[in-house]
Amino acid sequence: MKIETTSFSVETNGHTDIIDITGEVKKVLSESGLREGTALVFVPGSTAGVTTIEYEPGLLHDYPAFFEKIIPSSSEYRHNDTWHDGNGHSHVRAALQGASFTVPFKSSKLLLGTWQQIILVDFDARARNRKVIVQLMGN
Ligand code: ZN
């Protein structure tokens with residue numbers, strides 16, 4: 001069993017921006033030469049998350065709208081009293097979302113569904129450059 005840890009960068013617009021990172025993860029897997037195992041995709045930072053969705057215009061609207069409903073950006077957050085950075089909602093959303101996603105691979109292919117993409121969601125209240133870490137474990 002081998003372990004390979006690599007990373008790539010993504011520019012985001014913040015404000016629950018959703019970026020399809022499936023292609024980058026596939027590229028990392030392809031360059032590793034590994035055939036069978038598990039890919040862990042992780043974003044460092046407390047205002048972003050990684051998950052999976054069908055990357056189509058309807059859901060790109062629905063998913064941020066869902067967060068605005070359950071964790072409104074206009075609500076009051078004690079975090080903003082601590083740091084005055086105005087992104088209390090970003091932290092709460094990121095905590096709920098989770099910072100990582102794991103997907104198995106076989107024959108050097110990610111075992112994703114046909115309409116299933118891996119996404120980075122940036123909840124911060126400003127544009128960011130995000131580092132995404134991919135850790136491959138396998139043979
Ligand atoms: Zn903050």
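Hi everyone, this is a short walk through a zinc site, the helix beside it in sequence, and a few residues elsewhere in the chain.

A word on the model first: it is predicted, so local features need pLDDT of at least 70 and side-chain atom pairs count only at pLDDT 80 or more, while totals for chains, interfaces and linings use all residues. Residues are numbered from 1 along each chain as its sequence is written, and side-chain values use heavy atoms, with hydrogens and water left out.

Let's start with the metal. Which residues hold the zinc ion? The protein donors are His79 through NE2, Asp85 through OD, Asn87 through OD1 and His91 through NE2, at 2.1 to 2.2 Å. Donors here are N, O and S atoms within 2.8 Å of the metal (3.2 Å for Na, K and Ca), and since water is not among the atoms, sites may look incomplete. In sequence, the spacing reads H-x5-D-x1-N-x3-H.

The angles among the 4 donor atoms run from 86 to 166°, and the site is irregular. That label follows from the cut-offs: four donors are tetrahedral if all angles lie between 85 and 135 degrees; four are square planar, and six octahedral, if opposite donors are over 155 degrees apart and all others between 65 and 115; anything else is irregular.

One of those donors, Asn87, counts as buried because its relative accessibility is 5%. Buried means under 20% relative accessible area, exposed over 50%, and partly exposed in between, with a 1.4 Å probe and protein chains only.

Now to helix H4, residues 88-97. Helices (H or I, at least four residues) and strands (E, at least two) are DSSP runs numbered from the N terminus. Buried in H4 are Gly88, His89, Ser90, Arg93, Ala94 and Gln97. They pack against strands E4 (48-53) and E7 (117-122), and against helices H2 (57-70) and H3 (78-83). Leu96, also in H4, is exposed because its relative accessibility is 54%. After the helix comes Gly98, with a positive phi near 95°.

Next, have a look at Thr47, in the loop between strand E3 (37-42) and E4. Is Thr47 buried or exposed? Thr47 is buried, because its relative accessibility is 4%. Beyond neighbours within four places in sequence, its contacts (heavy atoms within 4.5 Å) include the zinc donors Asn87 and His91, along with Ser90 and Ala94 of H4.

Last stop: Lys27 in helix H1, residues 22-32. Lys27 is exposed, because its relative accessible area is 53%. Thanks for listening!
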